[in-house]
Amino acid sequence: MRDALLEQIHGAMASDPSIFFASADFGSPVLDRIRADHPKRFVNVGIAEQNLINVSAGLALEGYKVFAYAIAPFITMRCFEQIRVSLALLSEVRPMNVNLIGVGAGYSYVVSGPTHQCYEDITLMRALPNFQVMSPADHITAGMLFDRCVGELGPKYLRLDAQVLPPIYADTAPKIADGFHVHRREGSICIVATGYMLHTAFAVAERLLVNGVKVGVIDLFDLAHFSPDRLREELSRYQSIVSMEEGFAGRGGLDALLYNFIGHNAIDVKLLNIGVEGGYRFELGTRAELHEQVGIGPDVVTRRILDFSKSSLPTLKKHQR
């Protein structure tokens, strides 16, 4: 996922002298080529994410299209004040294009523990009203988001997985303009997933089918600028919606986005939010094992949706903005 986006950046830098790359002492083989081929438009600020943001903002004010690159929890949480002031606030009065690339969303740095895992970034970056927040589920989507990054002004955050994931869009292209892509449209329940959890959603959908329950599946990879009319049309087809994210449940992430969207659009559905339950975990294990422990693995999610489908929970009450 990371290299697919970096390949796009590397190729474009040859013809677009306005693209600049900044790294917080974080590398990759593709980045080695960027540094070698375009040394005057590459800077490593060191292990200093606060400085990375301020340097990127300064370059953007000089007209560069900046890509800033670091580990996901550090490029969001370690420097949140700088992001808020130098990017979110300043971009409202001065045109700039800064694209934050955070690698290591969710549990993708499995063995590094909760200091390097990232469950809070969707909540934090969505809190900034003029930030775009993009959460691709495979390398194909990540590569296709490059055009939006260079073509649109404003600050953006791309949350990328650190692991090699199976391609999802090998035979079809994601609908970048809509901000989401419909993979299945069936049954009375729809799973809306983002990032890595789309892979889990597919596994859950197959298990539910064995139990006689058909579900729709939507990949919501744009968490800030999706098409509201299109999403409203899709969600209105169902009686129930299930949100799935590799982040804390009930803490302002994808579930809050959908609760807000459903309420403001008076969509008459029930909603079940699937996310990391409880607090931080220090156990070691595979990603699959950790997911089952915190409530987002295929086994536990399948059971919860089966129970949800049989429940008599009241639908969300319609209300106006």
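How many helices and strands does the protein chain have? There are 13 helices and 11 strands in the protein chain. Keep in mind that this is a predicted model.

**The overall picture**

Let's start with the chain as a whole. For 321 residues, a compact globule would have a radius of gyration near 20 Å, and the protein chain comes out at 20 Å, which agrees. Laid along its principal axes, the C-alpha trace spans about 60 × 45 × 40 Å. Of the 321 residues, 57% are buried. If you look at contacts with a separation of 6 or more, 77% of them join residues 24 or more positions apart.

On the outside, the accessible surface of the protein chain is about 13,300 Å², and carbon and sulfur atoms supply 52% of that. As for charge, there are 31 positive and 35 negative charges, and their mean positions sit 4 Å apart.

**Strand 1 and its partners**

Strand 1 is a good place to go inside, since five of its five residues are buried. Ile-19, Phe-21 and Ser-23 point one way from the strand, Phe-20 and Ala-22 point the other way, and all are buried. Strand 1 runs parallel to strand 3 (residues 65–71), with five bridges joining the two. In that pairing, Phe-21 stands opposite Phe-67 of strand 3. Strand 1 also runs parallel to strand 2, this time joined by three bridges. Here Ala-22 has Val-43 in strand 2 as its bridge partner.

**Strand 6 and its partners**

Strand 6 (residues 154–160) is mostly covered too, with seven of its seven residues buried. Which residues of strand 6 lie on each side? Gly-154, Lys-156, Leu-158 and Leu-160 are on one side and Pro-155, Tyr-157 and Arg-159 on the other, and all are buried, Lys-156 and Arg-159 included.

Strand 6 pairs with strand 4 (residues 97–103) in parallel through seven bridges, and Asn-97 stands opposite Gly-154 there. Strand 5 pairs with strand 6 in the parallel sense as well, over three bridges. Val-133 has Tyr-157 of strand 6 as its bridge partner.

**Strand 11**

Further along the chain, strand 11 (residues 270–276) has seven of seven residues buried, so it is largely enclosed by the rest of the structure. Its parallel neighbour is strand 10 (residues 240–248), and six bridges join them. Ser-243 stands opposite Asn-273 of strand 11.

**Four loop residues**

Now for some residues in the loops. The table puts their places and relative accessibilities side by side.

| Residue | Loop between | Relative accessibility |
|---|---|---|
| Ile-47 | strand 2 (42–44) and helix 3 (49–61) | 66%, exposed |
| Asp-25 | strand 1 (19–23) and helix 2 (29–37) | 46%, partly exposed |
| Ala-266 | helix 11 (254–264) and strand 11 | 23%, partly exposed |
| Asn-130 | helix 6 (121–126) and strand 5 (132–134) | 21%, partly exposed |

Why does Ile-47 count as exposed? Its relative accessibility is 66%, and exposed means over 50%. Even so, Ile-47 touches Ala-24, Asp-25 and Arg-78, leaving out residues up to four places away in sequence. Leu-100 is 53 residues from Ile-47 in sequence, and the two are 15 Å apart in space, C-alpha to C-alpha.

Asp-25, one of those contacts of Ile-47, has a backbone quirk of its own. Most residues other than glycine have a negative phi. Asp-25 is not a glycine, yet its phi is positive, at about 60°. Ala-266 does something similar, with a positive phi near 50° in a residue other than glycine.

Asn-130 is partly exposed at 21%, and the cut-off for buried is under 20%. Setting aside neighbours within four places in sequence, Asn-130 is in contact with Ala-88, Ser-91, Glu-92 and Pro-155. Pro-155 takes us back to strand 6, where it is buried. Asn-130 and Asp-25 are 105 residues apart along the chain, and their C-alpha atoms are separated by 27 Å.

Methods: Residues numbered from 1 in each chain as written. Predicted model: local features only at pLDDT ≥ 70, side-chain atom pairs only at ≥ 80, totals over all residues. Heavy atoms only, no water. Helix = DSSP H or I, 4+ residues; strand = E, 2+ residues; numbered from the N terminus. Rg over C-alpha atoms; globule rule 2.2 N^0.38 Å. Buried < 20%, exposed > 50% of the residue type's maximum accessible area, 1.4 Å probe, protein only. Contact = heavy atoms within 4.5 Å. Areas by Shrake-Rupley, 256 points an atom, 1.4 Å probe, with all protein chains shown as cover. Lys, Arg positive; Asp, Glu negative; His and termini not counted. Charge placed at Lys NZ, Arg CZ, Asp CG, Glu CD. Pairing = 2+ DSSP bridges.
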